[in-house]
Amino acid sequence: MAAALAVACVPAWALEGNADAAKSKISMCIGCHGIPGYRTAFPVVYHVPKLGGQHPAYIVQALMAYKSGDRSHPSMQAIAASLSEQDMADLAAYYGGEK
């Protein structure tokens with residue numbers, strides 16, 4: 001249901017992501033999201049979600065929410081602030097295509 005909601009919320013102007021272009025951008029993601037079962041200690045201890053296989057629209061919406069401040073996590077807000085809409089679409093295409 002969450003994936004269906006995320007798809008329904010994607011604006012018609014959403015950019016097409018390029019998974020190959022994302023390969024030069026994933027270094028900021030793999031340090032946490034690339035470790036199976038990883039738990040972080042900042043700002044609190046929690047399980048870091050797996051990105052591979054997530055619906056691309058969900059990934060874009062989450063990144064946009066971090067960038068706008070609607071979703072709170074200091075590290076993710078800082079990372080998302082550095083991303084363009086095309087960067088977000090590319091990362092979503094890359095991780096959305098992983099299983």
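Start by selecting Val44, which sits in the loop between β1 (39–40) and β2 (46–47). Keep in mind throughout that this is a predicted model. Is Val44 buried or exposed? With a relative accessibility of 52%, Val44 counts as exposed, because the cut-off for that label is over 50%. Now add His73 to the selection and draw a distance between the two C-alpha atoms: Val44 and His73 are 29 residues apart in sequence, and the C-alpha to C-alpha distance is 9.8 Å.

Next, go to Gly37, in the loop between α3 and β1. Gly37 is exposed too, since its relative accessible area is 53%. Pick Lys50 as its partner for another distance: 13 residues separate Gly37 and Lys50 in sequence, while their C-alpha atoms are 8.4 Å apart in space.

**Into the largest pocket**

Switch on a pocket display if your viewer has one. The largest pocket holds about 480 Å³ of space. Its lining counts 25 residues, and the ones closest to the pocket centre are His33, Pro49, Leu51, Tyr66 and Met76. Show those as sticks, then colour α3, α4, α5 and α6, the elements that each give two or more residues to the lining. Which element supplies the largest share of that lining? It is α4, with five residues.

**Along α4**

Select α4 by itself. This helix has 13 residues, and its first and last C-alpha atoms are 18 Å apart, close to the 18 Å expected at 1.5 Å a residue. Colour its buried residues: Ala57, Ile59, Val60, Ala62, Leu63, Ala65 and Tyr66. Tyr66 is worth a second look, as one of the residues closest to the centre of the largest pocket. Just past the helix, stop at Gly69, which follows α4 and has a positive phi, near 90°.

Now centre on Leu63. Leaving aside neighbours within four places in sequence, Leu63 is in contact with Met76, Ala80, Leu83 and Met88. Of these, Met76 has already appeared on this tour, among the residues closest to the pocket centre.

**The nonpolar core**

In soluble globular proteins, nonpolar side chains tend to be buried together. Here, the largest nonpolar core has 16 residues, and those touching the most other members are Ile26, Leu63, Leu91 and Tyr95. The helices α4, α5 and α6 each supply at least two residues of this core. The biggest contribution comes from α6, which gives five residues.

**Finishing on α6**

Select residues 85–97 to bring up α6. Why does a span of 18 Å make sense for this helix? It has 13 residues, so at 1.5 Å a residue it should span 18 Å, and its end C-alpha atoms are indeed 18 Å apart. Zoom in on its start, where a side-chain oxygen of Ser84 comes to within 3.3 Å of the backbone nitrogen of Gln86.

Then colour the buried residues of α6: Asp87, Met88, Ala89, Asp90, Leu91, Ala92, Tyr94, Tyr95 and Gly96. Which helices do they pack against? Highlight α2 (19–22), α3 (27–33), α4 (56–68) and α5 (74–81) to see their partners.

Make Asp87, in helix α6, your last stop. Asp87 counts as buried because its relative accessibility is 17%, and the cut-off for buried is under 20%. Show Lys25 and Ser82 as well: Asp87 touches both, not counting residues up to four places away in sequence.

Note on methods. Residues numbered from 1 in each chain as written. Predicted model: local features only at pLDDT ≥ 70, side-chain atom pairs only at ≥ 80, totals over all residues. Heavy atoms only, no water. Helix = DSSP H or I, 4+ residues; strand = E, 2+ residues; numbered from the N terminus. Expected span 1.5 Å × (residues − 1). Buried < 20%, exposed > 50% of the residue type's maximum accessible area, 1.4 Å probe, protein only. Contact = heavy atoms within 4.5 Å. Polar contact = N/O pair within 3.5 Å; in protein donor to acceptor, adjacent residues only side chain to side chain. Core = buried A, V, L, I, M, F, W, Y, C linked by side-chain atoms within 4.5 Å. 1 Å grid on protein atoms, 1.4 Å probe; cavity = no way out; pocket = protein on both sides within 12 Å on 5 of 7 lines; lining within 4 Å. Points joined across faces, edges and corners; volume = space filled by probe spheres on them.
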